[in-house]
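Got the model loaded and a selection box ready? Here is a short tour, one stop at a time.

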Amino acid sequence: MINPQTSEGTNKKVSAVNYYSYRLMIRQNAENHILKCRQLFHQYIVDMYAKIETERLLYIRLNQTKLRSEQYIHLRDAIVNDGNVNPNELGRMAILPSTFTGSPRHMH
């Protein structure tokens with residue numbers, strides 16, 4: 001990321017959402033060749049959406065302690081006490097926050 005006033009580099013990171021939003025913007029007096037590619041443009045958007053969702057899910061999986069998932073005691077108790085579910089067959093448990101769009105907690 002470059003500071004526009006001083007033209008010096010900064011140590012700030014740019015999220016993928018902001019980067020792709022910037023690439024897809026329509027600007028006056030500037031050509032954006034991505035927007036003119038029709039079906040390839042659609043494929044590009046789908047691929048970038050999948051990439052962003054993958055990064056978000058990876059962050060959630062790797063930062064379960066920061067997201068305080070250990071405090072979901074009732075959820076863990078429900079998994080253990082349910083007679084039909086064997087916890088060893090579930091795989092690695094990662095709790096999606098309610099802010100994750102499309103998760104069951106978000107839909108509820």
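Start with the aromatic rings and select Tyr-19, which is partly exposed at a relative accessible area of 42%. Keep in mind as you click around that this is a predicted model. Add Tyr-20 to the selection: the two ring centres are 5.0 Å apart and the planes meet at 75°, so this is an edge-to-face pair. Tyr-20 has a relative accessibility of 11%, so Tyr-20 counts as buried.

Now bring in Tyr-44. Its ring and that of Tyr-20 make an aromatic pair, again edge-to-face, with 6.2 Å from centre to centre and 80° between the planes. Which parts does this pair tie together? Tyr-20 belongs to helix H1 and Tyr-44 to helix H2, so the pair joins parts 24 residues apart in sequence. Tyr-44 itself is partly exposed, with 23% relative accessible area. With all three side chains on screen you have a cluster, in which ring pairs link Tyr-19, Tyr-20 and Tyr-44. A search of the whole structure turns up two aromatic pairs.

Next, colour helix H2, residues 39–62. This helix has 24 residues, and from first C-alpha to last it reaches 35 Å, close to the 34 Å expected at 1.5 Å a residue. Which residues of H2 are buried? Show Phe-41, Met-48, Ile-52, Glu-53 and Ile-60 as sticks, and you have them. Then show helix H1, residues 16–24, as well: the buried residues of H2 pack against H1.

Stay on Glu-53 for a moment. There is a charged residue in that buried list, and Glu-53 counts as buried because its relative accessible area, 16%, is under the 20% cut-off. What does the Glu-53 side chain meet? Select Arg-56: the two side chains form a salt bridge, at 2.9 Å from N to O. Glu-53 and Arg-56 are three residues apart in helix H2, so about one helical turn separates them. As a general point, an α-helix has 3.6 residues a turn, so residues three or four places apart point the same way. Arg-56 is partly exposed, with a relative accessible area of 32%.

How many salt bridges does a search of the whole structure find? It finds two. For the other one, select Lys-36 and Glu-31, whose side chains meet at 2.4 Å, N to O. Here both Lys-36 and Glu-31 are exposed.

Another charge worth a click is on Arg-27. Select it with Tyr-22: the charged end of Arg-27 sits over the Tyr-22 ring, 4.2 Å from the ring centre.

Last, switch from side chains to backbone torsions. Most residues other than glycine have a negative phi. Pick Ser-7, in the segment before H1, and read off phi: it is near 60°, a positive value in a residue other than glycine. Ser-7 is exposed, with 58% relative accessible area.

Then jump to Arg-38, in the loop between H1 and H2. Is Arg-38 buried or exposed? At 67% relative accessibility, Arg-38 counts as exposed. Phi of Arg-38 is positive too, near 50°.

Technical notes:
Residues numbered from 1 in each chain as written. Predicted model: local features only at pLDDT ≥ 70, side-chain atom pairs only at ≥ 80, totals over all residues. Heavy atoms only, no water. Helix = DSSP H or I, 4+ residues; strand = E, 2+ residues; numbered from the N terminus. Expected span 1.5 Å × (residues − 1). Buried < 20%, exposed > 50% of the residue type's maximum accessible area, 1.4 Å probe, protein only. Contact = heavy atoms within 4.5 Å. Salt bridge = Lys/Arg side-chain N within 4 Å of Asp/Glu carboxyl O. Phe/Tyr/Trp six-rings, centres within 6.5 Å; stacked < 30°, edge-to-face > 60°. Lys NZ or Arg CZ within 6 Å of the ring centre and 35° of its normal.
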